[in-house]
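Reader: Hello! I'm in my first year and still learning how to read a protein structure. Could you pick a single part, take a close look at it with me, and then show me how it sits in the rest of the chain?

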Amino acid sequence: ITSPDNAVKGVVNGDFDFAAVVNPAPDDKLTFHWSGEFPLGCIAAPNHPVAGSDGIELHELVSNPVVFQSRALSIRRLLEARHGWIFEKAESAVVVNSIQLMKHLVVSGRYLAVTSELDAGPEIRSGQVCFIPITDPFIFRQRFAVISNAQMPESITNQKIISHTVETLRS
């Protein structure tokens, strides 16, 4: 487990045989075995007032205490590039460099956070948090992909592992 940037670098450098990574940039050195979009949303504790909502807009989200991911994490960089105003308009915000810490603070019931369903999947399935899609019309969607080095031949074992990974992500 590493950052998306380090995962791509590791695949390109031959340190990793393949990677499942969020928001990889197109690159001729990479083979994309599968790619899918995941909605960006807000996570909230089940007892938070927004938890039962069908959707939330960014202006409503930042009127609540928010946990933001640090610039070390890719969602933050994408949000800054496209919706940078939310960091200035947030009434109360905490910045963390750990997705686990972000989710822990959300579970406390005080904070909301912007993340993907994928990042909060276990907590959503266990009922610890609720996922509320962000409904702003121009909000970006995260792309999740399984990649390998296009310049390195894949062993039969790697092909099977990649195939199993892709099948799991599709379901």
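Author: Happy to! Let's start at Phe-68, which, leaving aside residues up to four places away in sequence, touches Val-62, Arg-76, Ile-86, Phe-87, Ala-90, Ala-93, Val-94, Val-95 and Val-96. Please keep in mind that this is a predicted model.

Where does Phe-68 belong? Phe-68 is part of strand S4, which covers residues 65-69. Is Phe-68 buried or exposed? Phe-68 counts as buried because its relative accessible area is 3%, and the cut-off for buried is under 20%. Now look further off, to Arg-125: Phe-68 and Arg-125 are 57 residues apart in sequence, and their C-alpha atoms lie 22 Å from each other.

Next, compare this with another strand residue. Ala-20 sits in strand S1, residues 18-22. Its relative accessibility is 41%, so Ala-20 is partly exposed. With residues up to four places away in sequence left out, Ala-20 touches Phe-144, Ala-145 and Val-146. His-83, on the other hand, is 63 residues from Ala-20 along the chain, with 26 Å between the two C-alpha atoms.

Just past that strand you can find Asn-23, in the loop between S1 and strand S2 (30-38). What is the sign of phi in Asn-23? Phi is positive there, near 55°, in a residue other than glycine. Asn-23 is partly exposed, since its relative accessible area is 24%.

A loop residue can also be buried, and His-48 shows this. His-48 lies in the loop between strand S3 (40-44) and helix H2 (58-61). The relative accessible area of His-48 is 7%, so His-48 is buried. Its contacts, again without residues up to four places away in sequence, are Asn-64, Gly-109, Arg-110 and Leu-112.

Now for the cysteines. A disulfide is a covalent bond between the sulfur atoms of two cysteines. How many disulfides does the structure hold? The structure holds zero disulfides. Why is there no bond between Cys-42 and Cys-130? The closest cysteine sulfur to that of Cys-42 is in Cys-130, and the two are 9.6 Å apart, which is too far for a bond; a disulfide needs the sulfur atoms within 2.5 Å. Cys-42 is buried because its relative accessibility is 0%, whereas Cys-130, at 22%, is partly exposed.

Finally, let's step back to the whole chain. Its secondary structure comes to seven helices and eight strands. For 171 residues, a compact globule would have a radius of gyration near 16 Å, so the 17 Å of this chain agrees with that. The C-alpha trace spans about 50 × 30 × 30 Å along its principal axes. Of the 171 residues, 44% are buried, Phe-68 being one of the buried residues.

Contacts also link parts of the chain that are separated in sequence: among contacts with a separation of 6 or more, 74% join residues 24 or more positions apart. On the outside, the accessible surface comes to about 9200 Å², and carbon and sulfur atoms contribute 51% of this area. As for charge, the chain has 14 positive and 18 negative charges, and the mean positions of these two groups are 3 Å apart.

Notes. Residues numbered from 1 in each chain as written. Predicted model: local features only at pLDDT ≥ 70, side-chain atom pairs only at ≥ 80, totals over all residues. Heavy atoms only, no water. Helix = DSSP H or I, 4+ residues; strand = E, 2+ residues; numbered from the N terminus. Rg over C-alpha atoms; globule rule 2.2 N^0.38 Å. Buried < 20%, exposed > 50% of the residue type's maximum accessible area, 1.4 Å probe, protein only. Contact = heavy atoms within 4.5 Å. Areas by Shrake-Rupley, 256 points an atom, 1.4 Å probe, with all protein chains shown as cover. Lys, Arg positive; Asp, Glu negative; His and termini not counted. Charge placed at Lys NZ, Arg CZ, Asp CG, Glu CD.
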